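This report describes selected surface and side-chain features of the structure shown below. Please keep the sequence and the 3D view at hand while reading.

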Amino acid sequence: MRLVQLTVPTGKQQTILETLDDREIDYVLTDEQSNRDYAGVVYFPLPAPAVEPVLDELQDAGIDEDAYTVVVDAETVVSRRFEALRDEYENGDVNSDRISRQELQAEAQSLTPTFAVYAIMTIISAVVATAGLLLDSPAVVVGSMVIAPLIGPALGLSVGSVINDEDLFHESLRYQLLGIVLAIGAAAVFALLVRVTNVVPPGLEIGAVDEISERLAPDLLSLAIALGAGVAGIISIATGTSVALVGVMIAAALIPPAAAAGIAIAWGQPSAAIGSTVLVLVNVLSVNLAGLLTLWYTGYRPENLFSIGQTEQRVRRRVLGLAAIVLIFAVFLGAITYTSFVAATFEENAREEVEMILAEDEFEQYQLLEFEVVMDDEYPFVGPERVVVTIGGPAGESPPALADRIHEQINEHSDETVAVEIRYFETVER
């Protein structure tokens with residue numbers, strides 16, 4: 001429910017009141033004595049879905065933006081005519097749940113802080129995320145998402161495109177581009193400082209840290225996070241519900257990958273930063289793409305009816321452009337996913353081969369103690385570098401045939417030769 005406060009320009013009072021009477025809207029009119037340009041102020045309650053069509057009709061009647069219009073939340077409205085309005089406008093579909101175009105524009109602008117605050121909070125969140133990744137601490141990484149101020153620019157670009165507010169669009173675009181640069185740059189500087197001061201153990205391999213390695217070689221599932229965040233963010237802002245948790249989800253798609261890219265740069269492994277940087281870019285684009293499609297589907301259009309066609313063409317071009325770039329990045333992520341699948345399949349097949357060999361009568365006195373596939377560091381397309389097989393058996397040297405068989409059978413499942421390391425331990429049963 002909303003309470004609309006509208007200043008009545010001189011000479012427009014009769015037109016406004018007739019419009020409200022035709023819509024059977026309750027109102028209260030007060031006289032205005034302080035300014036001769038306005039005859040009074042009219043107050044009237046509306047269901048949220050009715051705000052946009054009523055204000056548009058009043059604008060068509062000659063109420064321009066020079067007249068003050070204030071829309072505030074109303075907790076309770078007791079009126080038979082209001083219940084009739086609610087029945088008319090709230091019909092259970094998506095459009096009946098969304099806020100007005102005017103409120104959407106104001107909400108998108110309010111979610112974007114000043115650039116100084118945005119830059120500081122982005123840098124802080126990137127530094128916290130970098131610390132969390134190096135500590136391999138999911139809790140710290142989640143904390144970095146909470147303070148990231150990314151939801152405003154991420155959703156403002158979509159809102160500006162759909163309602164034909166190019167100033168909002170360009171401002172949001174600048175914020176997003178600078179946010180990516182600031183996040184990766186801050187993470188790289190902080191990670192380099194941590195490394196040279198030996199805050200982390202010397203010789204730390206970033207690929208051995210789970211929180212980092214999973215973002216250096218992302219897969220296609222990462223797209224689901226960004227697309228879901230974009231749709232959820234737009235639905236949250238369009239229905240007037242809380243966007244705080246959705247902001248955390250959007251930050252989850254952007255801040256940790258940016259921190260991982262900065263860490264890879266600080267460790268002197270620019271190739272390792274490729275995957276996480278692509279993940280940041282594809283997530284940003286996916287959030288914007290999902291936002292554009294969701295806003296257009298929910299029925300938002302520009303205020304000026306004559307610009308609908310032009311806006312629709314602009315939105316279509318941007319959607320197609322974003323979809324094409326996301327598709328290209330998706331192919332890249334698909335290649336990483338396929339590489340991970342091949343590596344996982346190799347590990348499974350190699351383990352089965354070792355177990356089958358040891359199950360033969362010739363080697364029945366030996367048992368598999370541990371099996372490990374060590375991946376190379378050629379991010380983002382990592383593959384098996386060597387296999388470590390730990391075998392237990394009776395005292396005395398193992399027959400060389402066992403090592404030869406294992407090496408031969410394992411490499412049958414790999415296009416390139418994989419080194420096989422056999423470790424023997426004497427086992428004693430008591």
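## Nonpolar surface patch

Leu192, Leu193 and Val196 make up a nonpolar patch on the surface, and together they have about 280 Å² of accessible area. Patches consist of residues with over 30% relative accessible area and no salt bridge, where nonpolar side chains (Val, Leu, Ile, Met, Phe, Trp, Tyr) are joined within 5 Å and like charges within 9 Å. Accessible areas come from the Shrake-Rupley method with a 1.4 Å probe, and for residues only the protein chains shown count as cover. Leu192 belongs to helix H9. Its relative accessibility is 42%, so Leu192 counts as partly exposed. Buried means under 20% relative accessible area, exposed means over 50%, and partly exposed lies in between (1.4 Å probe, protein chains only). Helices (H or I, at least four residues) and strands (E, at least two) are DSSP runs numbered from the N terminus.

The model is predicted: local features need pLDDT of at least 70, side-chain atom pairs count only at pLDDT 80 or more, and totals for chains, interfaces and linings use all residues. Residues are numbered from 1 along each chain as its sequence is written, and side-chain values use heavy atoms, with hydrogens and water left out.

## Negative surface patch

Glu205, Asp377, Glu378, Glu385, Asp415 and Glu416 form a negative patch on the surface. Asp and Glu count as negative and Lys and Arg as positive, while His and the chain ends are not counted. The place of a charge is taken as CG of Asp, CD of Glu, NZ of Lys or CZ of Arg. Within this patch, Glu385 is found in strand E6 (residues 384–393). Glu385 counts as partly exposed because its relative accessibility is 42%.

## Aromatic pairs

Rings of Phe, Tyr and Trp (its six-membered ring) pair if their centres lie within 6.5 Å; planes under 30 degrees apart count as stacked, over 60 as edge-to-face and the rest as tilted. By this rule there are three aromatic pairs. One of them is the tilted pair of Tyr118 and Tyr175, with 4.8 Å centre to centre and 50° between the planes. Tyr118 lies in helix H6 (residues 115–134) and Tyr175 in helix H9 (residues 166–196), so this pair ties together parts that are 57 residues apart in sequence. Tyr118 counts as buried because its relative accessibility is 1%, and Tyr175 is likewise buried, at 8%.

Phe332 and Phe381 form an edge-to-face pair, with 5.5 Å centre to centre and 75° between the planes. This pair links distant parts of the chain, 49 residues apart: Phe332 is in helix H14 (residues 308–358), and Phe381 is in the loop between strand E5 (367–375) and E6. Phe332 is partly exposed at 21% relative accessibility, and Phe381 is partly exposed with a relative accessible area of 34%. In addition, Phe115, Tyr118 and Tyr175 form one aromatic cluster.

## Salt bridges

The structure holds eight salt bridges, each defined as a side-chain nitrogen of Lys or Arg within 4 Å of a carboxyl oxygen of Asp or Glu. Arg405 and Glu360 meet through their side chains in one of them, at 2.7 Å from N to O. The pair links distant parts of the chain, 45 residues apart, with Arg405 in helix H15 (residues 400–411) and Glu360 in the loop between H14 and E5. Arg405 is partly exposed, with a relative accessible area of 26%, and Glu360 is partly exposed at 29%.

Arg215 forms a salt bridge with Glu214, in which the closest N and O atoms are 3.3 Å apart. Arg215 is buried, with a relative accessible area of 13%, whereas Glu214 is partly exposed at 46%. Another bridge joins the side chains of Arg423 and Glu421 (2.7 Å, N to O). Glu166, Arg314 and Arg318 are linked in a network of salt bridges.

## Loop residues with positive phi

Most residues other than glycine have a negative phi. Asp136 has a positive phi, near 55°. Asp136 lies in the loop between H6 and helix H7 (138–146), and at 35% relative accessibility it counts as partly exposed. Asn198 also has a positive phi, near 60°, and is placed in the loop between H9 and helix H10 (210–216).
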